[in-house]
Amino acid sequence: MSLEWPIIDRWLMGEAWVNSRLAQHILHLCDVIGPRWASSPAEAQTVAYINEQMRAAGLVNVAAEEYMLHTWKLENHQATVVEDGSRIAILPFNRCPACDVTGPLVDVGFGTPHWLEDAAKKLPGAIAVVNLGLEPFSPPVPMAYRLRALADAGAIAAVVVDRKEGGRVEYHSAGDWRDPGPDVHPLPTVAVTREEGIRLRKLAAQGKHLHITVSAEFYDAPAHNTSAELVGSAWPEQHIILGGHHDTVFGTPGGNDNASGTSVVMETARVLAQLQAEMGIRPGCTLRFVTFSAEEQTLQGAAAYVAQHYGASGDSPESKPRLVINLDELSAGSIKGLVLGFPHLRKLVQRQFDSMGDGLQCHVMAQLDASSDHFPFLVAGIDASHLWRWRFVGRHADADFHHEPGDTTDKVNVRELKEYVGQLARLLLRLSFIAPDEWPANPVTVAAVKERLEAERGQVIRVF
Ligand SMILES: [Zn+2]
């Protein structure tokens with residue numbers, strides 16, 4: 001089949017722009033359904049909505065794929081100054097264990113080694129107050145490692161002061177998800193706003209005590225990823241995945257994180273299905289559109305997806321995908337390109353971008369970034385990527401909203417997302433038509449990834 005790319009491109013960009021369902025999807029996910037904690041009834045509604053929309057768009061093999069999630073429920077949390085009974089507004093970290101602790105407040109600044117040295121005598125039995133941000137000019141230490149150091153020094157809990165101003169605080173995670181067994185809290189950890197942090201530091205200087213209670217429980221519950229396909233016309237047994245997580249933390253509509261990515265997955269699928277229906281153009285290899293569950297719960301949905309489809313140790317029930325593109329937090333300005341986990345597809349992807357003529361760039365991750373659903377694929381040696389607009393914090397104000405009630409639909413920029421849809425459709429279609437013998441072989445082994453992770457362990461991932 002000869003492909004008339006100028007006509008196809010014009011058609012894809014036009015369809016993405018004029019008939020867009022993005023606004024409808026974002027409103028439905030954020031305002032009709034709302035917070036979408038994996039394993040909750042709201043996740044079930046989300047999965048049903050995505051499946052229904054994919055079927056209506058003409059996708060095939062539409063499925064909700066069940067797995068068992070090790071999940072967490074937060075029941076109550078409270079902090080009281082022992083001396084005067086006044087309350088401190090706290091937000092437990094995501095998956096914080098239950099606790100009931102009382103101790104003197106100790107200010108440990110950024111929790112870096114020189115601070116801990118100064119506070120060493122005071123830390124056993126104490127509640128540490130620590131800045132979330134990185135200490136300027138000091139070697140950067142991930143929060144997970146600073147929390148472990150506090151626990152090792154004898155602290156019984158940590159109060160982490162959020163960086164954001166204006167009374168904002170978000171759900172944070174205590175683990176470094178690159179490490180094995182990431183779901184371990186070295187000590188009970190709660191967050192406070194920057195303003196509440198100032199008050200706590202004064203109380204610490206006065207030798208005051210804090211009483212913290214968190215009631216929460218861990219349990220197993222079924223949860224679901226979603227999947228839908230456009231079957232390839234030439235090499236149906238090979239596939240490329242476009243994915244993004246549909247879940248949120250508690251209490252947030254999840255606009256930027258990640259109604260933006262979920263909606264772009266659904267809409268890119270629709271536009272390509274419509275190309276097939278109206279123009280008779282099917283992709284060369286199969287295109288699979290996946291939404292992941294429990295990204296916010298240590299990437300368990302994507303990890304289950306990898307295990308179910310490709311096997312935990314490389315003995316795949318099905319052949320591994322040619323490439324996985326993960327969409328997470330797209331409220332970051334216009335699309336700029338793609339970041340691959342491994343380098344061997346860089347030239348191939350860049351050639352496609354060059355043929356698209358819009359200046360998009362392909363880069364390669366300097367570190368294996370575990371902050372979203374591409375990571376379980378990378379661990380399995382699968383070519384996975386994310387968009388290099390990833391977290392332009394400071395460059396685009398809306399990208400700073402996630403894991404908090406303020407991540408509302410106004411943080412999602414529908415017209416920018418329309419361009420993401422059009423450009424991703426153009427890229428996916430081009431990639432699908434590359435013949436198997438022209439697709440560079442993936443030389444990455446699971447063992448090599450392990451080695452690389454070991455070498456990068458403990459480093460702060462540079463996001464920019
Ligand atoms: Zn996210």
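Let's start with a pair of helices in this predicted model. The axes of helix 7 (residues 255-279) and helix 11 (residues 414-432) come within 9 Å and cross at roughly 55°. Helix 7 and helix 11 therefore count as oblique to each other, and helix 7 passes helix 11 in a right-handed crossing.

Which residues of the two helices meet? On the helix 7 side they are Ser260, Val264, Glu267, Thr268, Val271, Leu272 and Leu275, and their partners in helix 11 are Leu417, Tyr420, Val421, Leu424, Ala425, Leu428 and Leu429. Sorted by class, this contact has 11 nonpolar, two polar and one charged residues. If you look at the spacing of the numbers, a general rule helps: an α-helix has 3.6 residues a turn, so residues three or four places apart point the same way.

Helix 11 has another partner, helix 1 (residues 5-18), and these two pack at an angle of about 150° with their axes 8 Å apart. Helix 1 also passes helix 11 in a right-handed crossing. From helix 1, the contact uses Trp5, Ile8, Asp9, Leu12, Met13, Ala16 and Trp17. From helix 11, it includes Arg415, Lys418, Glu419, Arg426 and Arg430.

Here are the two contacts of helix 11 by residue class:

| Contact | Nonpolar | Polar | Charged |
|---|---|---|---|
| Helix 7 with helix 11 | 11 residues | two residues | one residue |
| Helix 1 with helix 11 | nine residues | two residues | six residues |

Next, is helix 8 enclosed or open? Helix 8 (residues 300-310) is largely enclosed by the rest of the structure, because eight of its 11 residues are buried. Those buried residues are Gln300, Gly301, Ala302, Ala304, Tyr305, Val306, His309 and Tyr310. They pack against strand 1 (60-81), strand 8 (209-230), strand 9 (235-245), strand 10 (285-292) and helix 10 (374-379). Just after helix 8 comes Gly311, with a positive phi of about 80°.

Finally, let's visit the nonpolar cores. The largest one has 58 residues, and the members that touch the most others are Met54, Leu59, Leu272, Phe289 and Ile325. You have already met Leu272, one of the helix 7 residues in the contact with helix 11. What does Met54 touch? Leaving aside residues up to four places away in sequence, Met54 touches Leu59, Val62, Ala228, Val265, Met266, Ala269 and Phe289. Apart from this core lies another, of 48 residues, with Val101, Val129, Leu187 and Val190 among them.

Technical notes:
Residues numbered from 1 in each chain as written. Predicted model: local features only at pLDDT ≥ 70, side-chain atom pairs only at ≥ 80, totals over all residues. Heavy atoms only, no water. Core = buried A, V, L, I, M, F, W, Y, C linked by side-chain atoms within 4.5 Å. Buried < 20%, exposed > 50% of the residue type's maximum accessible area, 1.4 Å probe, protein only. Contact = heavy atoms within 4.5 Å. Axes fitted to C-alpha atoms, helices over the stretch in contact; angles between N-to-C directions. Helix = DSSP H or I, 4+ residues; strand = E, 2+ residues; numbered from the N terminus. Parallel < 35°, antiparallel > 145°, perpendicular 65-115°, else oblique. Left-handed = near helix turned anticlockwise from the far one by under 90°. Nonpolar A, V, L, I, M, F, W, Y, C, P; charged D, E, K, R; others polar.
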